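Let's take a look at how this protein holds its ligand, and then at the sheet behind the fold. Here are the sequence and the model.

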Amino acid sequence: MKVGVLASGEGSNLQAILDTVHGREGVEVVAVGSDKPEARALERARGAGVAARAFARAEFEDRRARDLAMAGWLGAAGVELVVLAGYMQLLDPGFLARFPQRVINVHPALLPAFPGLEAVEQALAYGVKLFGVTVHFVDEGVDSGPIISQRAVELPDATDPRAVRDALRPIEHALLPEAVRLIAAGAVAFDPEHPRRVRVGPLYGGAG
Ligand code: GRF
């Protein structure tokens with residue numbers, strides 16, 4: 001399966017994918033895109049010999065034009081699955097239509113709680129004891145697509161967002177590559193009886 005990754009920043013989740021599933025079990029990361037030319041993620045891609053390109057908003061008429069150009073570039077590279085690994089922009093519906101049920105995202109909270117930006121800060125402000133990570137399909141809402149996997153961690157005395165992120169990072173680096181591997185293996189499928197339920201397990205013959 002040819003995978004395209006979008007990232008806006010550091011790219012540690014991209015690195016986890018490159019280190020653990022890229023070039024294995026039929027998974028190949030063929031393109032990495034970013035909305036930020038200075039994103040460290042682009043350097044990581046180039047370092048791994050993967051095509052990398054920035055799509056800065058200012059270079060396009062509007063967000064839709066940028067997102068359609070990105071979709072075209074990924075499509076031309078043969079991308080079959082798009083992974084949002086710290087990509088901090090909402091995708092235009094035209095982009096999602098180009099990759100139906102083939103865009104996934106990692107979020108540092110137990111959705112549906114605390115969608116959107118600053119999820120960890122939201123959770124801390126609420127005073128939760130249980131934090132976690134969600135990997136989900138992307139739809140036109142904000143972190144609202146069907147859930148593929150989640151893992152929780154109890155941090156009853158957490159007060160510092162950095163410490164929470166440090167606790168969540170190894171979980172992200174496990175769950176996101178695992179989701180890619182399972183989708184490529186055809187082990188992820190939407191439940192025909194329940195459109196929001198995602199079944200993960202023995203070969204289902206692929207999602208969607
Ligand atoms: C991660 O915490 C991810 O959950 C969130 O953005 C962060 C990106 O981190 N959406 P990195 O750039 O992969 O290190």
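Glu172 puts a polar side-chain atom 2.6 Å from an oxygen atom of the ligand. Keep in mind that this is a predicted model, so the distances here are computed from it. Glu172 has company, and the table lists the polar contacts to ligand oxygen atoms.

| Residue | Atom on the protein side | Distance to a ligand oxygen |
|---|---|---|
| Gly11 | backbone N or O | 2.8 Å |
| Ser12 | side-chain N or O | 2.5 Å |
| Glu172 | polar side-chain atom | 2.6 Å |

How much of the ligand's accessible area does the protein cover? On its own the ligand has 370 Å², and the protein covers 82% of that. The ligand takes up the space of the largest pocket. Two elements, helix H1 (12–20) and strand E5, each give two or more residues to the shell around the ligand. Around the ligand you'll find Glu10, Gly11, Ser12 and Asn13, then Gly86, then Val106, His107 and Pro108, and finally Glu172.

Now for the sheet. It's an open one with seven strands, ordered E3-E2-E1-E4-E5-E6-E7, and its pairing is mixed. Strands E3 (51–54) and E7 (147–154) sit at the edges, each pairing on one side only. From one strand to the next, the twist averages 15°.

Strand E5 (residues 103–107) turns up here too: three bridges join it to strand E4 (residues 81–84), and the two run parallel. Across that pairing, Val82 stands opposite Val103 in E5. In general, strands of a sheet pair through backbone hydrogen bonds, either parallel or antiparallel.

Note on methods. Residues are numbered from 1 along each chain as its sequence is written. This is a predicted model: local features need pLDDT of at least 70, side-chain atom pairs count only at pLDDT 80 or more; totals for chains, interfaces and linings use all residues. Side-chain values use heavy atoms; hydrogens and water are left out. Two strands pair if DSSP finds at least two bridges between them. Helices (H or I, at least four residues) and strands (E, at least two) are DSSP runs, numbered from the N terminus. Axes are lines fitted to C-alpha atoms, for helices over the stretch in contact, and angles run from 0 to 180 degrees between N-to-C directions. A residue is near a molecule or strand if one of its heavy atoms lies within 4 Å of it. A polar contact is a pair of N or O atoms within 3.5 Å; within protein, one must be able to donate a hydrogen and the other to accept it, and residues adjacent in sequence count only if both atoms are side-chain atoms. Accessible areas come from the Shrake-Rupley method with a 1.4 Å probe; for residues, only the protein chains shown count as cover. On a 1 Å grid over the protein atoms alone, a cavity is a set of points where a 1.4 Å probe fits but cannot get out, and a pocket is an open set with protein on both sides within 12 Å along at least five of seven lines; lining residues have an atom within 4 Å of a point. A molecule sits in a cavity or pocket if more than half of its atoms lie within 2 Å of its grid points.
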